[in-house]
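Me: I have a model open on my screen and would like to learn how to read it. Could you walk me through a few features, one at a time?

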Amino acid sequence: MRSLKLILITRYTLPVIAVLALLSLLVLFPIRTFVYSLEESDLEDQARLFAGQSRRFFTGEMAAEVIDAYLKELVGELPLRLTIIDTEGNVLGDSEFPAAQMENHAGRPEVAAALKGEVSSAKRESRTLEEVFIYAAAPVVIDGGIRGVARVSVEQRDIAPVTWRVWWIFLGALGLLLLVIVAASIWTERTVVKSLNDLREAVADVAAGELGRRVTAPEVADFSELADNFNAMAEQVRLRIEEADGERRKLETILDNVSSGVMVADAGNHILLLNPAAAHILNVEAKRVVGRRLIEVFPSTDLEAAVSRAAAGEGVEAEMELVYPRKMTLRLKSYPVKASDGRVAVTVNTLEDVAALRQVDRMRQDFVANVSHELRTPVATVRALTDSLLAGALEDRDTAVRFLRDLDRETTRLSQLIEDLLTLSRLEARETVLRMERFDPGELLAECVESKATLAAEYEVGVVVEGDPGMEVEADRRLLATLVGNLLDNAIKYNRPGGKVYASCRAAPGGLAIEVRDTGVGMPREELPRVFERFYRVDRARSRETGGTGLGLSIVKHIAELHGGVVSVESEVGEGSNFRVFLPQPPPAAV
Ligand code: ADP
């Protein structure tokens with residue numbers, strides 16, 4: 001893989017080098033030819049001139065040495081060589097060599113051509129000097145006839161310096177161009193890479209989960225479509241992920257809150273999900289077991305076999321004994337969930353602890369037994385009273401009136417009991433929907449105390465409302481009235497003549513504290529943890545006497561818990577009791 005910079009530089013450099021090399025060759029050769037032809041035509045002109053001046057050597061009177069010396073003198077310092085040749089090709093004189101020793105020159109092409117009357121030139125390497133010479137020869141014409149040849153020769157001029165100069169110019173141009181190319185490539189690369197880098201960073205950010213990341217318009221227009229498409233894609237991804245997240249959260253919330261145990265495993269029986277109820281039933285920590293194989297966590301071949309059957313595509317219902325992590329009887333329903341290709345993707349397993357179910361059954365039975373027991377006494381009393389009345393007590397007016405009063409008390413107790421049972425069962429079944437409203441809890445306390453005025457007078461107990469005025473609470477007013485009413489009932493009934501009850505509500509950190517304190521009989525400390533249980537009574541005789549049902553505090557506790565609150569009690573025998581209810585309140589909304 002190569003960087004963009006390198007690609008740009010090589011792609012521009014190579015063609016430029018090739019073009020420049022070609023250009024230099026194209027220029028160099030014509031220059032060379034031109035220089036040479038110029039040289040040759042110069043020489044031919046000189047040969048013509050020389051021929052015109054050399055007629056005198058053809059009189060036949062001059063010895064070769066004389067001509068040689070004459071020619072030498074004529075040439076002087078010039079880099080020329082002059083030769084005189086007769087029509088036979090014999091050299092009559094030469095400016096450089098003794099003519100007498102020179103061979104016949106008739107065969108030399110320029111000489112042969114001159115003898116035919118032409119002026120021409122030729123180029124060849126000198127046999128003696130090993131240099132390239134240019135020879136130009138012209139005929140020497142006397143009285144219209146060719147009498148010989150005059151030849152001029154010169155060492156070919158070295159053309160290399162010219163060639164080198166041209167090459168240097170081209171090399172300089174090439175260097176300059178390369179610099180320009182590198183600079184332009186780096187510049188281009190910077191712009192392109194910067195745009196690409198922005199995109200790359202945005203892609204990396206989105207990949208890392210920063211789904212709100214978007215690319216700004218890039219500097220290079222060609223990338224703007226890419227950037228737009230990327231932004232659109234990122235938006236789509238964000239929407240999809242949010243959708244999927246929403247679905248997952250919904251599912252998680254459902255699974256976290258259902259009371260049934262749910263376990264999801266893959267087709268290879270690896271645990272994928274265990275909801276809190278299932279973790280509770282199986283007595284394991286969900287995060288420790290997720291990802292592990294079922295058989296590793298629960299060494300039960302029955303469980304493994306049942307889930308495996310579901311993984312094979314079958315719906316399974318089974319009951320089995322588990323020994324580890326705790327001993328239990330497990331009721332399992334396993335269903336396969338298939339993927340679009342028809343293969344089982346996961347199995348969904350619902351789990352129930354049969355023992356827990358049985359305990360619920362037992363509790364229900366206990367409750368029925370308790371209720372029957374509670375009903376039995378008043379019903380038996382009512383029957384005894386009506387029997388007595390029918391058997392003749394009706395005749396005695398005083399007895400009849402007494403019996404009817406007793407009947408009235410018992411039926412009131414019965415209806416109170418039924419009322420409390422209904423309230424409690426609704427609260428326990430969570431059927432009661434909280435109707436939250438904002439109101440002054442001090443006012444509510446005052447109203448409740450007011451409604452208990454007759455009862456307080458009957459028991460000769462003074463009730464005092466204390467606490468901060470002008471507060472606000474958000475709660476179900478009706479249920480809170482029931483709660484306060486029950487606490488006041490007890491505080492009045494389990495009191496002494498001349499005793500006091502103090503009802504108050506005050507702001508507490510994070511909520512509101514309602515307190516009902518009395519100077520009554522109190523309760524032994526060891527009984528306190530149980531007083532909120534259904535039908536639990538500390539002082540049975542007194543409870544009966546006062547028409548208590550044993551359900552009042554149970555109702556108080558449920559109402560407090562429905563509001564997300566708690567109830568606590570402090571008590572001292574003979575000193576009195578103090579019931580405190582704490583209701584959490586949302587902080588006041590910012591204005
Ligand atoms: P009950 O209908 O019998 O009053 P509760 O559930 O209201 O039933 O109370 C349970 C028991 O707790 C009562 O029977 C009583 O013995 C004891 N108790 C409740 N409140 C007080 C109190 N303020 N002082 C003393 N004992 C109380």
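Me: Let me begin with the ligand. Which residue has a polar side-chain atom 2.9 Å from a nitrogen atom of the ligand?

Reply: Happy to help, and please keep in mind that this is a predicted model. The residue you want is D518, whose polar side-chain atom lies 2.9 Å from that ligand nitrogen. When you read such a contact, ask whether the protein atom belongs to a side chain or to the backbone. For D539 it is a backbone N or O atom, 3.1 Å from an oxygen atom of the ligand. L553 also uses a backbone N or O atom, 2.8 Å from a ligand oxygen.

Me: How many residues surround the ligand, and which are the closest?

Reply: There are 21 residues around the ligand, and the closest are N490, S543, T549, G550 and L553. Keep N490 and L553 in mind, as both return in the next feature.

Me: Then let us turn to helix packing. How do α14 and α16 cross?

Reply: For a helix pair, look at the distance between axes, the angle and the handedness. Helix α14 covers residues 477-493 and helix α16 covers residues 552-562; their axes come within 9 Å and cross at roughly 145°. The crossing of α14 past α16 is left-handed.

Me: Which residues of α14 and α16 meet there?

Reply: From α14 come L479, T482, L483, N486, L487 and N490, and they meet G552, L553, I555, V556, I559, A560 and L562 of α16. Sorted by class, this contact has nine nonpolar residues, four polar ones and no charged ones.

Me: Now the sheets. What is the strand order in the open sheet that contains β12?

Reply: Read a sheet from one side to the other: this one has five strands in the order β12-β14-β15-β17-β16, and its pairing is mixed. Next, find the edges. β12 (462-467) and β16 (566-572) each have a single partner strand, so one side of each is left without a neighbour in the sheet. From one strand to the next, the twist averages 15°.

Me: How many bridges pair β15 with β17, and in which sense?

Reply: Strand β15 (residues 511-518) and strand β17 (residues 576-584) pair over seven bridges in the antiparallel sense. To place yourself on that pair, find A513, which stands opposite F582 in β17. A useful general idea is that side chains in a regular strand alternate between the two faces of the sheet.

Me: Which strands does α14 lie across?

Reply: α14 lies across β12, β14, β15 and β17, and runs at about 25° to β15. Helix α12 (residues 441-451) lies across β12, β14 (500-508) and β15, with a direction at about 165° to β14.

Me: I would like to practise on another sheet. What is the order of the strands in the one with β7?

Reply: That open sheet has five strands in the order β7-β6-β10-β9-β8, with antiparallel pairing. Its edge strands, β7 (271-274) and β8, each pair on one side only. The twist here averages 25° from one strand to the next.

Me: How many residues lie between β8 and β9 in their hairpin?

Reply: Five residues lie between the two strands of that hairpin. Strand β8 (residues 316-322) and strand β9 (residues 328-338) run antiparallel and are joined by seven bridges, and E319 has R331 in β9 as its bridge partner. On to the next pair: nine bridges join β9 to the antiparallel strand β10 (residues 344-353). Here L330 stands opposite D353 in β10. Helix α10 (residues 354-390) packs on this sheet, touching β8, β9 and β10, and its direction makes about 40° with that of β10.

Conventions:
Residues are numbered from 1 along each chain as its sequence is written. This is a predicted model: local features need pLDDT of at least 70, side-chain atom pairs count only at pLDDT 80 or more; totals for chains, interfaces and linings use all residues. Side-chain values use heavy atoms; hydrogens and water are left out. Axes are lines fitted to C-alpha atoms, for helices over the stretch in contact, and angles run from 0 to 180 degrees between N-to-C directions. Helices (H or I, at least four residues) and strands (E, at least two) are DSSP runs, numbered from the N terminus. A crossing is left-handed if the near helix is turned anticlockwise from the far one by less than a right angle, and right-handed if clockwise. Contact means heavy atoms within 4.5 Å. Ala, Val, Leu, Ile, Met, Phe, Trp, Tyr, Cys and Pro count as nonpolar, Asp, Glu, Lys and Arg as charged, and the others, Gly among them, as polar. Two strands pair if DSSP finds at least two bridges between them. A residue is near a molecule or strand if one of its heavy atoms lies within 4 Å of it. A polar contact is a pair of N or O atoms within 3.5 Å; within protein, one must be able to donate a hydrogen and the other to accept it, and residues adjacent in sequence count only if both atoms are side-chain atoms.
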